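Dear colleague,

Please find the structure below. My notes on it follow.

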Amino acid sequence: MSGTVAGVEARMPIRSDLDLVWVRQHVRRAAAALGFGLVDQTKLVTAASELARNTLVYGGGGEMAAEHVRDGRAQGLRLTFSDRGPGIADPERALSDGYTSGGGLGLGLGGARRLVHDFSLDSTPGVGTTVTVTSWAVRSPRQREEPR
Amino acid sequence: MNHDLSLSSAHVPVLRLGDVLLITLQGDLHDGTAEQLQRDIAEQIVRSPVTGVVIDISGVEIVDSFLGRVLAEIAASSRLLAAQTVVAGMRPAVAITLVELGLSLPGLRTALSTEAALGMLATASPGGPRREPR
């Protein structure tokens with residue numbers, strides 16, 4: 001496949017709980033367009049919902065960027081959530097289940113990390129937080145050795 | 001951008017069937033709507049003598065930690081008001097995702113369908129099973 005798949009790339013504001021709905025709907029459509037199966041779509045949309053809510057609640061709002069990424073023939077979806085909020089002083093602790101600074105269940109970050117293939121967190125106190133996640137549409141049947 | 005999905009931004013209807021409240025969630029709920037539903041259910045339980053609450057989530061594509069927490073809180077507050085809650089029709093992909101997220105909702109009773117949920121509540125009701133024809 002060459003070029004980008006239509007309707008995948010986007011930048012979306014995260015400023016209200018209504019924006020969380022648009023983010024979920026966009027991620028659902030983009031993952032479906034890239035060939036994600038139903039369970040993988042559901043995992044990625046759920047992770048996006050957790051991360052977008054963190055951006056809204058803890059980061060004071062921000063945005064999500066969605067990109068189509070490729071690795072050989074594999075199609076992936078990369079989502080970047082960024083805010084200019086207070087940042088996270090102790091990222092390891094923030095990723096552990098049960099830790100929360102905002103009255104939630106404390107599953108958001110750690111839970112989102114389990115739902116995606118790649119996860120990275122970059123935060124500077126006083127400057128902001130960027131969380132980037134990538135998941136890949138697993139094509140079946142599995143890749144076979146191809147004759148050259 | 002083209003938004004074609006119906007958005008539940010208003011109240012979710014709460015139906016009363018005998019002594020059970022039936023709520024059907026559809027599509028993508030905003031956080032405010034879910035919290036409003038929690039208050040509406042508590043008020044309805046007090047207003048009418050119901051002993052059960054069935055929440056059908058077969059039309060819900062994702063349950064994140066926020067909606068999961070709201071469902072668990074509805075069940076907990078209903079129990080304090082002497083009503084039992086059963087969540088019905090969770091999609092398999094949602095169940096798999098919730099467990100991986102770390103939210104297995106141990107206190108929440110579930111059924112595969114609304115019909116099965118109503119059956120559970122009828123059997124469990126303190127007035128005895130309502131199996132006999134009237």
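**Notes on helix H2 of chain B and the chain contact**

In H2(B), the buried residues are Ser65(B), Phe66(B), Leu67(B), Gly68(B), Leu71(B), Ile74(B), Ala75(B) and Ser78(B); buried means that 20 or more other C-beta atoms, placed from the backbone, lie within 10 Å of the residue's own. Helices are DSSP runs of H or I with at least four residues, numbered from the N terminus. H2(B) has 16 residues and spans 22 Å from first to last C-alpha, close to the 22 Å expected at 1.5 Å times one less than the number of residues. Just after H2(B), Ala82(B) has a positive phi of about 65°.

This is a predicted model; local features need pLDDT (the predictor's confidence in each residue, from 0 to 100) of at least 70, side-chain atom pairs count only at 80 or more, and totals for chains, interfaces and linings use all residues. Residues are numbered from 1 along each chain as its sequence is written, and chains are lettered from A and ligands numbered from 1 in the order written.

The contact between the chains takes 25 residues from chain A and 21 from chain B, two residues being in contact if their C-beta atoms, placed from the backbone, lie within 7 Å. On the chain B side, H3(B) gives the largest share, 6 residues.

Helix H4 (residues 108-115) of chain A packs against H3(B) at about 125°, with the axes 8 Å apart. Gly111(A), Arg114(A) and Leu115(A) of H4(A) meet Thr97(B), Glu100(B) and Leu101(B) of H3(B) there.

Regards

Key:
Helix = DSSP H or I, 4+ residues; strand = E, 2+ residues; numbered from the N terminus. Buried ≥ 20, exposed ≤ 12 C-beta atoms within 10 Å, placed from the backbone. Axes fitted to C-alpha atoms, helices over the stretch in contact; angles between N-to-C directions.
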